[in-house]
Amino acid sequence: MTFELFVFYVFAAILVFAATMVITRKNPVHSALFLVLAFFTSAAIWLLAEAEFLAIVLVLVYVGAVMVLFLFVVMMLDIDIATMRAGFVKNLPLAILIAIAMVIEIFLVIGSGSFSLDQFAAPLPLPADYNNTASLGNILYTEYMYPFEVAAVILLVAIIAAIGLTMRKRPESKYQDPSKQVRVKKGEDRITVLKMDAED
Amino acid sequence: MDLLMSLWEWLGENLVVVQILIKIVIIVAPLMLCVAYFTYAERKIIGYMQVRIGPNRVGPKGWLQPIADAVKLMFKEIIIPSGANKTLFLIAPVLTLGPALAAWAVFPFGDGLVLSNINAGLLYLIALTSVGVYGVIISGWASNSKYAFLGAMRSAAQIVSYEIAMGFALVGVLVAAGSLNLGEIVRAQEGEGGLFNWFWLPLFPLFLIYFVSGVAETNRAPFDVAEGESEIVAGFHVEYSGMPFAVFFLGEYANMILISALTSLLFLGGWLSPFNGWPLLGPMFDWVPGIVWLFIKTAFVGFFFLWLRATFPRYRYDQIMRLGWKVFIPITIVWIMVVGLAVVFEMPWWFD
């Protein structure tokens, strides 16, 4: 067994362990943290496959941003574990059925020989000065320019829709306008001098 | 000396892991010393800015103060609050310090003087600094305290928002240098103009945004709402005592040094001499080793962290968010386009 294979098996074991913990832990915060571990180890496996750009972006986007917001929500929610587990036995037969169906599907795809090693020879190790990021960028902005742009536009639409759904102006809440605050002048804007008759 | 060199080469051939471990110790041990004396410098500098002397009792002129603090914290009891999640409570400080140290793996201290010379160095740095937020979130949740939780929420939201501006500022550097390798980025700033060839001039808005976002990212004043002592006691680490607290503290200061060092690397020419190629001063300072220049620049940027803390009042939370999302991100996007045009048309001085 080469050193590389050993490292792969170590990371694969951690990944499988973390993935199992995600679905078996009772506490949702623990599950989310194990999911973070799973992302991290799969990034390490991608590094082994010489895809350093994808690996680092996985850590950056999923671990650094998506999972943080996920944890945010899970921590703020007051989840009642008892009610969540209540339907476990009732739904178990259906769940087992779906699980078996999915396992059979996976075996039909992977085990049918169309993904075996004699169909796809192991790629040659790339030279040390090979730049994964640069080659990805080159192909993304030339050959796959239009699909890339279309994906970007779809994401933009999604952003606008999400903001549009959540934005509402409530008349009773007060807002500050920082640009107005900055433009305040010393005399007139700060105090109003009232003239009034002396009372006796 | 020859014996040592041959031993070193033998290690490199037979026991690479041991050689790498020795290299890591050579980087981390001085870094920890820098962290300790950065806290001393902070107390002294802020002291003088507020017309007092600062620590002056332990050792000559108070030089042993950081050592005394470390010893004190080490001997204190580690209190784990009731109802806290013990494992996560103890893991959280390590998760803060870990990424702050791991980031130094790709940091070039001189021409070729780097632990791991990887292609995607800049990406690696962005990814690692984004992982640092977990220590804060986990500590806030595991403490089982509402103040800690509020501090963690504030801090996490702040770090995630400023990461975007920071990332965009780094994209500007990447476009200007044409490489993700940190050594290549420094070499791209080399030129006859000395300090006028560095990226701080053509990327001036990005330079400022990177530094200010770095201050926000490390939860330092004036962006320290995460620990706002008048509102939420001390934020996410309110329940920590003894060594776990010290590790949080180490992480914060290691992060500050990292941001200062990166600012000097990406915008202030790293190990390059500021007088490079100047008629009289250039040859006069040729003998100074690059790492000394890097140290001076890092200390200079680090001083700004302390200066900001001594002079600015704390930002209001909604204004922090406004600054990050509505001011910094649009400016960075516009400036990336400016830099892109400058690179395409090979603007003289920097990009020709």
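Let me begin with a term: a residue counts as buried when its relative accessible area is under 20%, as exposed when that area is over 50%, and as partly exposed in between. Arg43(B), in this predicted model, has a relative accessible area of 37% and is therefore partly exposed.

Its partner is Asp69(B), with which Arg43(B) forms a salt bridge whose closest N and O atoms are 2.9 Å apart. The two residues lie 26 apart in the chain and join distant parts of it, Arg43(B) sitting in helix H2 (residues 16-49) of chain B and Asp69(B) in helix H3 (residues 65-75) of chain B. Asp69(B) is likewise partly exposed, because its relative accessibility is 24%.

Now to a second pair, Arg314(B) and Asp224(B), whose side chains meet in a salt bridge at 2.8 Å, N to O. Here the separation along the chain is 90 residues, and both partners are in loops: Arg314(B) between helix H13 (290-311) and helix H14 (317-344) of chain B, and Asp224(B) between helix H9 (204-217) and helix H10 (229-232) of chain B. Arg314(B) is partly exposed at 29%, whereas Asp224(B), at 12% relative accessibility, counts as buried.

A third pair is formed by Arg316(B) and Asp318(B), with a salt bridge at 2.8 Å, N to O. Arg316(B) has a relative accessible area of 37% and is partly exposed, and Asp318(B), at 40%, is partly exposed too.

Finally, a network of salt bridges links Glu42(B), Arg220(B), Glu252(B) and Arg309(B). For the whole structure, the search over all chains finds 8 salt bridges.

Key. Residues numbered from 1 in each chain as written. Chains lettered and ligands numbered in written order. Predicted model: local features only at pLDDT ≥ 70, side-chain atom pairs only at ≥ 80, totals over all residues. Heavy atoms only, no water. Salt bridge = Lys/Arg side-chain N within 4 Å of Asp/Glu carboxyl O. Helix = DSSP H or I, 4+ residues; strand = E, 2+ residues; numbered from the N terminus. Buried < 20%, exposed > 50% of the residue type's maximum accessible area, 1.4 Å probe, protein only.
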